[in-house]
Amino acid sequence: MHPRAGSWWPNVESAKATGPHAFEFRLKAPFAPFLTMLGSVLSSGALIMPKHIYEGTDPRTNPANQRPVGSGPFTFSRWQRGGFIELNRNPTYFKANRPYLDRLVFQVSSDPAARLLAFERGEIDFLHWYIVPYDRIGQLRSDRRFTLYQKGDAAATNGLMLINHRHEQLKNAKVRQALAHAIDRRSINERALFGEAKVAQSHVGSTIAWAFTDRHDYAFDPAKANAMLEEAGARRSADGRRFPLRLFWAAGRDYEGRGAEIIKDNLRDVGIDVTVQTFDRTSFIDRVFRQWDFDLAMQLFTTGPDPTVSVTPRYHTKQIRRAPFVNGMGYSNPEVDAFFDRETAITDPAERAQAWHEIQRILMQDLPALPLYELPPIHAASSKFANVVTGPQGYIENREDAYEVR
Amino acid sequence: MAPPLLLYAGRRPLQAVPLVLVIFLINFTLIQAAPGDPIDFLLGSSDATEEYIAQLREEFGLDQPFLTQLLAHLGKVAQLDLGYSLRFREDVLTLILSRRPATLLLMGSALVVASLLGVLLGAVAARRPYSLTDNAATLLALAGYSMPVFWLGQIMLLVFSLHLAMFPTQGMMSLRAPREGIGMVLDVAHHLVLPVATYSVYHLALVFRLTRVKMQETLALDFITTARAKGLPESRVVYGHALRNAMLPVVTVIGLNFGFMLAGSVLTETVFAWPGTGRLLYDAIGPRDYPLLMGLFTVLSVMVILANVLTDIIYALIDPRVVYR
């Protein structure tokens, strides 16, 4: 089992084929996200493995790991380590007349500026959203040589500011709520993400429409933030400062750094003295999720394709453990835990949506983290090709529909 | 070649063994002391159970105490087993060897270009010190010597790839239309130009400056005056007599460069997406791939030491005054 499937696959009691095109899954208990997860390539849904190659071997050392075998539109051709991976058209693909392209090559390129240059020069035809910098999107959009695709909303990625609940001041909910009022998230979107993102209003992304609610959002209101901080007993000292905080971010995503600087400015206005510090990603994870040695931290969390597999693992009390991307904030509320434990068994969509609205009400009130922005997955492709990204799961889906425009 | 030289060549690498051990110990301690956990990179998501994490730790020996890990690793390295890369899930030695040709090609070309041009320009400049040519060359060398490689790489890309469209930006060969035989050789050579130019600049400047100074010193010595007085042609005086004497320290520097060049250049290879060992190092640091990092550092230290021995031998060959006992 892939470790990423750990949050949903253990619910399966048994699985067996009942016909050439039929499958039967038996679950230990009703589990609402099951079908979504089964069909998802995000968060590693059920990936089909070739039995004749893996059966009776140690899957970790099977040579097919270096020469993958699959059933997709393209077959593995060669891999120059550190250079490129080449796939060829699968002539026996199960869909007739697909794919259109003969060859796909993935170029490995570690330098952000250089690969963008290669793209602009036409050496590379496609950049997936993680490596398209937001500050260049406007320019790419107005250039007819390139086509932008906004696809892949199923992951519903939120940028958040994690809040350490062990901190002397931050353990007070009133102080956390004051931070939410003090931080100008619209300005972060305008200035850190060049207006390409959307202000996040909840712990579930708005693209997970059935579950999302914006009813519990905070308005930008520094005066109210000041009043709440006074009420919480965090009074200003003679120099106008209330208390200091450290805000960490991991190098690599420039917008997180710019966002951190705006937060620093915003919080200075309400008397909180923020020191922004940056780490390389591995050190950052160690500091935040293993040492729990942080006050505030910039982090991305997906909230889809189903919030059960992406929201629950961050905020459940059970998830206060020293591991990456779990509840390093030390947030615990038995009321929300009860909802988390119960909602997976609710099979009526309306009722389940209601449970998730309740969860968001509590999370927005308790603020284990402050949602800042929803990141739109914007991919860039050469206009010489069409249908490069088509599905809701974005670039992770295959290129079977992509074709060359002549 | 005198037999004592052969003896020396055999003895010198053995003397380096304790040195390699110390370097190994320091590297191992530093890497382990760096914050971060390779397991975090491998998991990359929140869904792994505690049991799975524990299982991974055990599999990679990360649950063992520091000293046990160190001794186990040392024992394996003594048998030429550099371990198993956590990130690439491959044998470290295989991984390094598979990246070596790309690095050797890049660095070898750069070394040849930098050394030949550096010595030649240095000798030419020294013939007429403080002339216009000399001043211009010296100024350029100063600029080349102080220019950061990653910045220079970006500028090269902007000018020669984006605006002049003369050279490709990424990788070792064209991925769009792969070619065979002589076509492939030309294609690789085309891709090689910018990274070699970028990487050579610093070393070229270094060799140039050193050659120039040494040549100037040598040209002022008595034996040069004697050579001129004998009526030897000027080119013979400069290149036959002076250059040969001025070369000694230059050879040392080139030898040192050689050691480092074998390790690959992290920055050049990263900017140009060159699939060599320098990029491998870069890709190993983020995930804290302990075995791969140790493997790369160990190979690097051995290479530097071997390059030093080689330099000593060349020294003896070009200077009959140098005698090894």
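Guide: In this predicted model, the bend at a residue is the angle between two axes, one fitted to the seven residues that end there and the other to the seven that start there.

Visitor: At which residue of α6(B) does a kink lie?

Guide: Chain B is made of 14 helices and zero strands, and α6 covers residues 92-127 of that chain. The kink in α6(B) amounts to about 35° and comes shortly before the proline B:Pro101. The residue at which the kink lies is B:Arg100.

Visitor: How far apart are the end C-alpha atoms of α6(B), and why does that distance agree with its number of residues?

Guide: The helix α6(B) has 36 residues, and at 1.5 Å a residue these should span 52 Å. The expected span is 1.5 Å times one less than the number of residues. The distance in the model agrees with that expectation, because the end C-alpha atoms of α6(B) are 50 Å apart.

Visitor: What are the rough dimensions of the box that the C-alpha atoms of chain B fill?

Guide: Read along its sequence, chain B passes from helix to helix, in the pattern α-α-α-α-α-α-α-α-α-α-α-α-α-α. The box is taken along the principal axes, and the C-alpha atoms of chain B fill roughly 85 × 55 × 40 Å.

Visitor: How many nonpolar residues does the side of chain B that touches chain A have?

Guide: The contact takes 40 residues from chain B and 40 residues from chain A. On the side of chain B, the elements that each supply at least two residues include α3 (38-43), α4 (50-59) and α6 (92-127). By class, this side of chain B has 12 polar and nine charged residues, while its nonpolar residues number 19.

Visitor: Where in chain A is confidence lowest, and where is it highest?

Guide: The mean pLDDT of chain A is 91, and 97% of its residues reach 70 or more. Confidence in chain A is lowest, at a mean of 85, in helix α1 (residues 34-38), and highest, at 98, in strand β13 (residues 369-374).

Visitor: Which residue of β5(A) is the bridge partner of A:Glu86?

Guide: In chain A, three strands form an open sheet in the order β3-β4-β5, with antiparallel pairing, and its twist averages 20° from one strand to the next. Five bridges join strand β4 (residues 84-89) of chain A to β5(A). Across this pairing, the partner of A:Glu86 is A:Val105.

Visitor: What is the omega of the peptide bond from A:Arg98 to A:Pro99, and what is that of the bond from A:Gly304 to A:Pro305?

Guide: A:Pro99 lies in the loop between β4 and β5 of chain A, whereas A:Pro305 lies in the loop between β12 and α10 (307-310) of chain A. The peptide bond from A:Gly304 to A:Pro305 is cis, with omega near 0°. The bond from A:Arg98 to A:Pro99 is cis, with omega near -10°.

Visitor: What angle does helix α9 of chain A make with β10(A)?

Guide: Six strands of chain A form an open sheet of mixed pairing, in the order β9-β13-β8-β12-β10-β11. Within this sheet, β10 (residues 243-250) and β12 (residues 296-302) of chain A pair in the parallel sense over two bridges, and A:Leu247 stands opposite A:Leu296 in β12(A). Helix α9 (residues 281-290) of chain A packs on the sheet, touching β8 (157-163), β10, β11 and β12 of chain A, and its direction makes with that of β10(A) an angle of about 135°.

Technical notes: Residues numbered from 1 in each chain as written. Chains lettered and ligands numbered in written order. Predicted model: local features only at pLDDT ≥ 70, side-chain atom pairs only at ≥ 80, totals over all residues. pLDDT = per-residue confidence, 0-100. Helix = DSSP H or I, 4+ residues; strand = E, 2+ residues; numbered from the N terminus. Contact = placed C-beta atoms within 7 Å. Nonpolar A, V, L, I, M, F, W, Y, C, P; charged D, E, K, R; others polar. Pairing = 2+ DSSP bridges. Axes fitted to C-alpha atoms, helices over the stretch in contact; angles between N-to-C directions.
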